[in-house]
Amino acid sequence: MNREEIREVLLEIIADIDEEADFTALDADKPLRDQLELDSMDFLDIVMELRKRYKLQVPEDEYPELATLNSCVNYLEPKLRDL
Amino acid sequence: MSDYQLIIIGAGLSGLAAGIRAARFGRKTLIVDQHYRPGGLNSYYKFQGHLLETGLHAITNFAPPERKRAPLNLLFRQLQLSRREFPVREQIGSEIIYPCASLRFSNDPELLQAEVEQTFPGCGERLYQLRQAVAAQDPFAELPWQSARSFVAGYLKEPPLENMLFLPLMLYGNAEEDDMALSQFTIMFRAIFEEGLFRPETDISVFLDMLVRQYQSFGGTIRYRAAVDEILIGGGSAQGVRLADGSVITADAVLSTAGLPETIRLSAPSGWQTPPAAYSGKMSFTETISILPDISRDAVRQDRTLIFYNTSEHFQYRRPQSLQDSSWGVICFPDNFAGSGSGEFFSIRVTNPASYPHWHALSSEAYAAAKTACRKEAVQASEQHIGSYGQAIVQQDSFTPLTIERFTRKAEGAVYGSPIKIADGRTPWTNLFIAGTDQGYLGIVGSMLSGISIVNRHLLA
Ligand SMILES: Cc1cc2nc3c(=O)[nH]c(=O)nc-3n(C[C@H](O)[C@H](O)[C@H](O)COP(=O)(O)OP(=O)(O)OC[C@H]3O[C@@H](n4cnc5c(N)ncnc54)[C@H](O)[C@@H]3O)c2cc1C
């Protein structure tokens, strides 16, 4: 997957988790949680969904890598490149 | 290999919510319940052609879908259910009635604020301070027990007002006698006074169906009339369960929502040596449900959803010294929610504190007679506040602490379970967990969040 595809997947996962999610004003360099008013429990679901879809394990100490949309893409790019 | 990755004991609201989480993320999950229907404390039954709900008066924690941080909406997201497609009716307004004063409240917290200002001059600002303090609390911090009574007294310094505010908060969610844990107070204060009350547009059976269908759509299995007789422990961990029919089902982990006394009983043969009595709550209730024809609606108040009443200025949240204490309780009008249409009938429910030991001591003939007498007493007590309706009742049913124990196995019919809660859901065995009432979150929204958070914490992470 390339960066754009990863980005698409992430937005799709978030939309799936949260029917109220509104991406129109989303700043890819600002924390997702604040902008989308997500709870830490929702956040865990992004991790769980990545595991379910791509058998990808995100260890707890690497959760901060998933803070913004861009940091997510940076973090996932090497891991999902060959998919 | 085990038969299941996870067995959940109980298809009440906490068990169903836990099951949806586990199944959604691919855990092979089995829910077992002794009853033939889901819902546990919050179920329903058919009575002479009427569908009667057993638990639901009003669901706490009302929030419109766009308030994303609200517990109710978090709950829907976690279960991947659409909040937009769950039509609800808000309360039209409720009231707390004491001999010398009464206070109205609704889903707009400013109504309570204004009522307090008017009824208790000088207390408006203090209530406001209390609300700020409650908003700043973190009820999930797993801190040592702190007294809610002294916390509130420190802000309000007005015992009559304190007694009034504690009545709904304790009645709708306190397992302890007399006082309440500050964390639990915080949860209930926000749930009832800041957020508010509502009910599903239809009835609880539709909500339960929605949960069961969601669970099954994720691949979960559910079995009714499947009572667990023993939780099998071996080599220091839970191995599975043995059902009443003798069959054994193995699992990698077991989550019990049956309450602590029942869970301890089920694990006792294998060595859980704690005496269950310490975990048996004392607060139980009787409820009288009266069905009336629509034409007699004008005889009673129609402008309230719930009326919490106390005929004394003092409020002692305690197990009574008699079968039932009708001097305080709550009157619920399930048909008085915004937009409820009128049908052929309407109902009135009266809930009063009751003593399990007193009911337990009765012979079966005496039990039937006591139920009749208590129904009459409950109706008469409520008539003082809403007008007389006894003569118009066409059908009536009631339940007692024994009924609650029989259908849900909550020891001594303690609706809110053990006064000691196990906040982290752990037991002496690494793969046996507790969720629901005895983990600590109460009520419909609370018990579901309990199931969710215990699965997230111990079984998905
Ligand atoms: C009269 C009344 C009114 C209420 N009103 C409200 C209200 O208005 N609003 C609100 O929010 N809450 C209300 N509640 C509280 C709410 O119903 C409960 O807090 C909530 O339903 C608890 O869910 P739970 O899953 O923790 O427990 P339960 O519902 O008790 O679920 C436990 C399940 O485990 C099963 N079980 C037990 N032992 C075994 C066994 N050995 N084997 C198999 N299965 C077993 C039981 O059958 C039961 O289904 C009310 C309760 C009552 C009784």
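Two strands pair if DSSP finds at least two bridges between them, strands being DSSP runs (E, at least two residues) and helices likewise (H or I, at least four), numbered from the N terminus. The model is predicted, so that local features need pLDDT of at least 70 and side-chain atom pairs pLDDT 80 or more, while totals for chains, interfaces and linings use all residues. Residues are numbered from 1 along each chain as its sequence is written, chains are lettered from A and ligands numbered from 1 in the order written, and side-chain values use heavy atoms, without hydrogens and water.

**Exercise 1.** Determine which residue stands opposite B:Thr288 in strand 16 of chain B.

*Solution.* Begin with strand 13 (residues 284-293) of chain B, which is joined by 10 bridges to the antiparallel strand 16 (residues 345-354) of chain B. Opposite B:Thr288 one then finds B:Val350. Both strands belong to an open, mixed sheet of 7 strands in chain B, ordered 7-6-14-15-16-13-17.

**Exercise 2.** Explain where the ligand lies with respect to domain 1 and domain 3 of chain B.

*Solution.* First, count the shell: 36 residues surround the ligand (a heavy atom within 4 Å), with B:Ser14 and B:His57 among the closest. Next, consider the helices of chain B, of which helix 13 gives the most to this shell, with 3 residues. Finally, domain 1 (4-42 + 202-279 + 419-460) and domain 3 (282-408), with bounds from an automatic or database domain assignment, both give residues to the shell, so the ligand lies between them.

**Exercise 3.** Find the distance between a backbone N or O atom of B:Val228 and a nitrogen atom of the ligand.

*Solution.* The two atoms lie 2.8 Å apart, which meets the limit for a polar contact (N or O atoms within 3.5 Å).

Terms used. A polar contact is a pair of N or O atoms within 3.5 Å; within protein, one must be able to donate a hydrogen and the other to accept it, and residues adjacent in sequence count only if both atoms are side-chain atoms.
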